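The exercises below are to be worked with the model open, and each solution proceeds step by step.

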Amino acid sequence: MKDYDAIIIGAGACGLMCAVQAGFLGKRTLLIERNEKPGAKILISGGGRCNFTNLYTSIDNFVSENPKFLNAVFSQWTVEDTINFFEQFGNIQGQEKTLGQLFPVSNKAKGIVAVFTKLMYETGQDIWLDTLVTDVQKTGAGFEISYEKNGKQAKISTPKVVLTTGGLPVAKLGASDFAIKLARRFNHRIVETAPALVPLTITGKDANWYASLAGNSVFSRVYNEKISFEENILFTHWGLSGPAILQISSYWRPGEQFTIDLLPKFKLDNLIKEERNNAGKRTVGQLLSDHFTKKMVDALGEFLPIQLKIASLSKADAKLVSDSIHQFKVKPAGDKGYDKAEVMRGGIATDELNPKTLESKKQEGLYFGGEAVDITGWLGGYNFQWAWAAGFAIAQDL
């Protein structure tokens, strides 16, 4: 049995980066992964294309009790570092798709994972796949890790342990609350966890109206008193999805409502005024059909006077049309849960971790990184940038 400087549990983005960076420093690590191959979530991210960072990453793109915690980590590993790393070691060129989102030119997530497996081999890091860690106990000399492999149970000792086992999405990829449970055992405070970047459900009297629009995508501004996002929303059989909805979901709590501006690039008052200046012969429905699908206009016709000619539109009706389009109120019943969520929000409280090294303040030699920590990025590559940076920061201290 080799002597390892540290054992890293979880071969996701953060764990893989941590192992490789430790290798660059001449350290020897063992990476333990319950799946049969590393990087399961990397491989499915972005529809298998992997949005591996975002050009505009800042601490403002994260949900946390204390986003400023990220300053110490992001000062060590920047977006430029991420881009250079993949160019240098994988010949992976990034291309911006939208809003700073960077994807490999190849559009293949497996190329990202291949960079790490190659570098781990070259730096002499070990990886055990199909291996389930069942317990971590503190010992006088460090930690004892219990695990199951090939139906057998065994233990291994190490001076330092890195927990990068992710959060609760997505169970079929091996997601679990192992890091959260372990953190609790070592007396860490846990910020309440919930699905984030997740579709939202509509039930009750409005459910059929939303279902009738399933498949319709509308560029919108979705906002509440905390935040605003301009991207597409997608109507579904069970409610709402699409980038703007996933984004607002991280800032939404059950019982709350938010507002959608279905036509953020225009002012309906001005469009109505223009129509009136042109004699107003067209109907409200015809005006709306310049901007929405027929199915959408028909659905809006359930509460708007779409058959009325613009010239005949009263001030009250004009206000109803404008308010309905620009201030469409939504009160979701809930969300689609962890299996449909991109990430988990909440997690291990940042005030109990060293902001530079991510080592526990409660237990020397124990480190936490990635999704299990109370750092949740927006959709668009931000969570990967956090994972790479966290892996780098931890490795410097092993």
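**Exercise 1.** Find where UniProt places the transmembrane region, and describe the backbone of that span.

*Solution.* The unreviewed UniProt entry puts the feature "transmembrane region" at residues 6-25; such annotations may be inferred rather than shown by experiment, and their positions are given in the numbering used here, with feature names shortened. In this predicted model, where residues are numbered from 1 along each chain as its sequence is written, local features need pLDDT of at least 70 and side-chain atom pairs count only at pLDDT 80 or more, while totals for chains, interfaces and linings use all residues. Side-chain values use heavy atoms, with hydrogens and water left out. Over residues 6-25 the chain is 60% helix and 20% strand, and the end C-alpha atoms lie 13 Å apart; helices (H or I, at least four residues) and strands (E, at least two) are DSSP runs, numbered from the N terminus.

**Exercise 2.** Describe the two domain features that UniProt records, at residues 5-396 and at residues 195-343.

*Solution.* Begin with residues 5-396, which the unreviewed entry labels "domain: RsdA/BaiN/AoA(So)-like Rossmann fold-like"; this span is 30% helix and 25% strand, with 12 Å between its end C-alpha atoms. Next take residues 195-343, labelled "domain: RsdA/BaiN/AoA(So)-like insert" in the unreviewed entry, where helix accounts for 32% and strand for 22%, and the end C-alpha atoms are 6 Å apart. The protein as a whole has 13 helices and 22 strands.

**Exercise 3.** State what share of the 398 residues is buried, and what share of the contacts joins residues at least 24 apart.

*Solution.* Buried residues (under 20% relative accessible area, with a 1.4 Å probe and protein chains only) make up 56% of the 398 residues. For contacts (heavy atoms within 4.5 Å) between residues at least 6 apart in sequence, 71% join residues at least 24 apart.

**Exercise 4.** Characterise the second largest pocket by its space and its lining.

*Solution.* A pocket here is an open set of points on a 1 Å grid where a 1.4 Å probe fits, with protein on both sides within 12 Å along at least five of seven lines, and lining residues have an atom within 4 Å of a point. The second largest pocket holds about 340 Å³ of space, and of its 16 lining residues, Asp206, Tyr210, Phe303, Phe328 and Lys329 lie nearest its centre. Two or more lining residues come from each of α7 (207-212), α12 (315-326) and β18 (328-330), and β18 gives the largest share, three residues. By class, the lining comprises eight nonpolar, three polar and five charged residues, with Asp, Glu, Lys and Arg counted as charged, Ala, Val, Leu, Ile, Met, Phe, Trp, Tyr, Cys and Pro as nonpolar, and the others, Gly among them, as polar.

Methods: Grid points are joined across faces, edges and corners, and a volume is the space filled by probe spheres set on the points. Buried means under 20% relative accessible area, exposed over 50%, partly exposed in between (1.4 Å probe, protein chains only).
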